[in-house]
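Welcome! Have a look at the protein below, then try the short exercises that follow it.

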Amino acid sequence: MDYVKPEDVAVLMLNAGVNKLGLPPRDLLIRGALSGAILGVATTLAFTGAVTTGQPIVGAIIFPVGLVSIVLLGLELVTGSFALVPLPWLEGRASLGQVLRNWGWVMLGNLIGSVAYALLASIVLTNLWTSPPAGVAAKIVGAAEAKTVGYAAIGAAGFVTCFVKAALCNWMVCLAVVLAMTTTSAVGKVVTAWLPIFVFFAQGFEHLVVNFFVIPAGMMMGAKVTIVDWIVWNVIPVTLGNIVGGFLFTGLAIYWTFRPAANRTATQRSLAATPAE
């Protein structure tokens with residue numbers, strides 16, 4: 001039996017957060033860039049499946065190959081870090097500044113990898129910009145506009161909708177990361193991580209790093225989206241929503257209820273003694 005009980009998973013979650021905080025910026029950037037590129041590849045794969053079959057659900061079924069690869073390789077994805085990295089801070093083993101620095105380096109790495117693959121994918125899908133967007137390229141352009149100016153068209157309601165979709169998304173993404181800790185076998189990790197990712201992608205929720213690929217790629221291929229549109233109507237609400245969904249709904253909730261009793265007492269003491277930063 002390779003099943004790991006929730007009480008032990010809570011310890012693994014804390015240790016994962018500690019290990020991530022111990023990585024130097026160089027490794028965070030490299031592992032983050034690889035993760036961004038891999039998610040970009042998985043996204044074009046999913047769009048290809050949806051376009052060629054005419055069934056969007058096919059894209060959702062095959063998209064999780066990206067996150068599964070990231071989990072198995074132990075790479076860095078900022079959305080997963082939203083759930084795990086704050087746990088050492090809660091236990092008094094790290095500062096809030098360390099948490100934010102880690103998120104910043106990983107997010108930068110994710111962005112670099114995503115945009116680099118967006119450039120390569122745009123070249124392939126448009127024959128070095130000599131062909132108008134069609135098929136998968138057209139789908140990416142449409143998605144980029146829907147994820148930005150589509151929300152802007154309905155104002156505050158669009159911003160809130162984007163935020164909620166982002167919270168729901170990272171609830172599932174971080175659930176996949178934690179579920180992968182409930183097993184020690186590679187096959188078990190593939191299966192457990194696959195299921196929640198399928199759920200998020202099938203329902204069109206908003207993932208920050210996926211959008212780091214989709215929106216720049218769409219812009220490169222002619223989407224009527226500006227950098228300001230991207231930041232205001234996607235990066236900001238999606239980042240905030242992903243933090244809420246990842247940390248509150250998954251990281252904090254699961255760790256808080258299953259962490260060892262000794263850690264509960266230590267957490268209470270550290271929070272009471274820690275000044276606001």
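Here are five exercises on this predicted model, each with a worked solution.

**Exercise 1. The overall build**

Task: Find how many helices and strands the protein has, and decide how its radius of gyration compares with the globule rule.

Solution:
- Step 1. Start with the elements: there are 14 helices and zero strands. Read from the N terminus, the order is α-α-α-α-α-α-α-α-α-α-α-α-α-α.
- Step 2. Next, take the radius of gyration, 19 Å, and set it beside the 19 Å that the globule rule gives for 277 residues; the two are close, so the protein is as compact as a globular protein of that length.
- Step 3. For the extent in each direction, follow the C-alpha trace along its principal axes: it spans about 60 × 45 × 35 Å.

**Exercise 2. Inside and outside**

Task: Work out what percentage of the residues count as buried, and which atoms supply 72% of the exposed area.

Solution:
- Step 1. Out of 277 residues, 48% count as buried.
- Step 2. Turning to the surface, the protein exposes about 12,000 Å², and carbon and sulfur atoms supply 72% of that area.
- Step 3. Now the charges: the mean position of the 14 positive ones and that of the 10 negative ones are 1 Å apart.
- Step 4. Finally, take the contacts between residues at least 6 apart in sequence; 80% of these join residues at least 24 apart.

**Exercise 3. The nonpolar cores**

Task: Identify the residues with the most contacts inside the largest nonpolar core, and the helix that gives this core its largest share.

Solution:
- Step 1. The largest core holds 56 residues, and Phe63, Ile140, Phe200 and Phe213 have the most contacts inside it.
- Step 2. Helix α12, residues 208-220, provides the largest share of this core with eight residues.
- Step 3. A separate second core has 18 residues, among them Val4, Val9, Leu87 and Val178.
- Step 4. Zoom in on Phe63. Beyond its neighbours within four places in sequence, Phe63 touches residues including Leu39, Ala42, Ile197, Phe200 and Val210.

**Exercise 4. Two residues in a loop**

Task: Locate Leu128 and Trp129, and say what the sign of phi is for Leu128 and for Trp129.

Solution:
- Step 1. Leu128 sits in the loop between α7 (96-126) and α8 (136-146), and Trp129 is also placed in the loop between α7 and α8.
- Step 2. Most residues other than glycine have a negative phi. Leu128, however, has a positive phi near 60°, and Trp129 has a positive phi near 65°.
- Step 3. For accessibility, the cut-off for exposed is over 50%. Leu128 is exposed because its relative accessible area is 52%, while Trp129, at 41%, counts as partly exposed.

**Exercise 5. Two buried residues in helices**

Task: Find the helix of Leu208 and the helix of Trp233, then look up what each one contacts.

Solution:
- Step 1. Leu208 belongs to helix α12 and is buried, with a relative accessible area of 0%.
- Step 2. Leu208 and Leu111 are 97 residues apart in sequence, yet their C-alpha atoms are 9.4 Å apart. Setting aside neighbours within four places in sequence, the contacts of Leu208 include Val78, Met107, Val235 and Asn242.
- Step 3. Trp233 lies in helix α13, residues 227-258. With 18% relative accessibility, Trp233 counts as buried, because the cut-off is under 20%.
- Step 4. Beyond its neighbours within four places in sequence, Trp233 is in contact with residues including Lys147, Tyr151, Phe159 and Cys162.

Terms used:
Residues are numbered from 1 along each chain as its sequence is written. This is a predicted model: local features need pLDDT of at least 70, side-chain atom pairs count only at pLDDT 80 or more; totals for chains, interfaces and linings use all residues. Side-chain values use heavy atoms; hydrogens and water are left out. A nonpolar core is a set of buried Ala, Val, Leu, Ile, Met, Phe, Trp, Tyr and Cys residues joined through side-chain atoms within 4.5 Å. Buried means under 20% relative accessible area, exposed over 50%, partly exposed in between (1.4 Å probe, protein chains only). Helices (H or I, at least four residues) and strands (E, at least two) are DSSP runs, numbered from the N terminus. Contact means heavy atoms within 4.5 Å. The radius of gyration is taken over C-alpha atoms; the globule rule is 2.2 Å times the number of residues to the power 0.38. Accessible areas come from the Shrake-Rupley method with a 1.4 Å probe; for residues, only the protein chains shown count as cover. Lys and Arg count as positive and Asp and Glu as negative; His and the chain ends are not counted. The place of a charge is taken as NZ of Lys, CZ of Arg, CG of Asp or CD of Glu.
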